[in-house]
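Colleague: Could you take me through one part of this model in detail, namely the packing of its central helices and the loops beside them? Please state the cut-offs as you go.

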Amino acid sequence: SGPNWPVPWLRAWGKDPKNTVKKRDGKDLGELNTEGLPPNAVDEDGNILVTDYDILCGRGGLTNHHKGNKRFRDIVALHRPDYVRAPKIQKPSVARVIVRAIRNGDPPGRFLRKDDKSGKWIDIGDKKAAEKTSQALREKTDEEREKLKRDPNSGVGILLPNPASYLAAATATAMFAIP
């Protein structure tokens with residue numbers, strides 16, 4: 001029946017005995033047993049145990065289908081318009097806000113990659129997490145790519161600055177103008 005974690009946590013996340021990903025040919029790509037694990041879980045030796053809240057770095061089915069990565073893509077999609085509208089100098093701060101929100105969330109998440117030599121999961125740190133997030137913010141959605149295929153002149157992906165930012169800039173300029 002698994003560990004005895006707090007009832008609200010179990011209610012919120014339900015039971016997911018195994019997060020197993022297979023290729024179309026049926027070959028097993030990997031398995032993560034995330035059942036009953038609290039956020040920031042580690043084993044008795046201090047090794048990181050992957051939870052549903054973590055974002056996994058890497059390529060392929062295991063990372064693409066992991067619950068934490070799906071949640072990450074949803075969060076990135078919510079912030080993409082802010083990123084696109086932001087001046088170049090402010091774009092990294094949009095990514096940092098997302099990283100901070102995930103790390104300090106309730107429940108918190110980690111950005112992990114599997115070490116090639118030891119096979120253990122390690123946290124990639126805030127700088128690399130922000131780089132991963134910036135890359136995700138730059139990527140077009142499948143829907144945007146499909147629309148570009150149908151109509152290359154559609155202008156998808158080109159968001160004009162928010163008109164409210166013009167008003168804010170004009171107000172700030174007027175407030176600090178020297179008479």
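Modeller: The axes of α3 and α4 (lines fitted to C-alpha atoms over the stretch in contact, with angles of 0 to 180 degrees between N-to-C directions) come within 10 Å and cross at roughly 155 degrees. The two helices are therefore roughly antiparallel (over 145 degrees; under 35 is roughly parallel, 65 to 115 roughly perpendicular, the rest oblique). Their crossing is right-handed (the near helix is turned clockwise from the far one by less than a right angle). The model is a predicted one, in which local features need pLDDT of at least 70 and side-chain atom pairs pLDDT 80 or more, whereas totals for chains, interfaces and linings use all residues. Residues are numbered from 1 along each chain as its sequence is written, and side-chain values use heavy atoms, without hydrogens or water.

On the α3 side, the residues that meet α4 are Phe72, Ile75, Val76, His79, Asp82, Tyr83 and Val84. Their partners in α4 are Lys91, Val94, Ile98 and Ile102, where contact means heavy atoms within 4.5 Å. By class, this contact holds eight nonpolar residues, one polar and two charged (Ala, Val, Leu, Ile, Met, Phe, Trp, Tyr, Cys and Pro are nonpolar; Asp, Glu, Lys and Arg charged; the others, Gly among them, polar).

Between α3 and α4 runs a loop that contains Ala86. With a relative accessibility of 11%, Ala86 counts as buried (under 20%; exposed is over 50%, partly exposed in between, with a 1.4 Å probe and protein chains only). Beyond its neighbours within four places in sequence, Ala86 is in contact with Lys91 and Val94, and both of these α4 residues also take part in the contact with α3.

Helix α3 (residues 67–85) has a further partner in α5 (residues 125–138): their axes come within 9 Å and cross at roughly 70 degrees. That angle makes α3 roughly perpendicular to α5, and this crossing too is right-handed. Here Phe72, Val76, His79, Arg80 and Tyr83 of α3 meet Lys132, Thr133, Ser134, Ala136, Leu137 and Arg138 of α5. The contact of α3 with α5 divides into five nonpolar, three polar and three charged residues. Phe72, Val76, His79 and Tyr83 are among the α3 residues that meet both α4 and α5.

The largest nonpolar core (buried nonpolar residues except Pro, joined through side-chain atoms within 4.5 Å) has 17 residues, and Phe72, Ile102, Phe111 and Leu137 touch the most other members. Each of α3, α4 (91–103) and α5 supplies at least two residues of this core, and the largest share, five residues, comes from α4. In soluble globular proteins, nonpolar side chains tend to be buried together.

Ile102 links this core to the next loop. Apart from neighbours within four places in sequence, Ile102 is in contact with Ile55, Phe72, Ile75, Pro107, Pro108, Gly109 and Phe111. Gly109 sits in the loop between α4 and β4 (111–114) and is buried, at a relative accessible area of 2%. With the same sequence neighbours set aside, Gly109 is in contact with Tyr53, Asp54, Ile102 and Arg103. The C-alpha atoms of Gly109 and Asp52 are 8.3 Å apart, although 57 residues separate the two along the chain.

For the wider setting, the chain has seven helices and five strands (DSSP runs: H or I of at least four residues, E of at least two, numbered from the N terminus). Buried residues make up 29% of its 179 residues.
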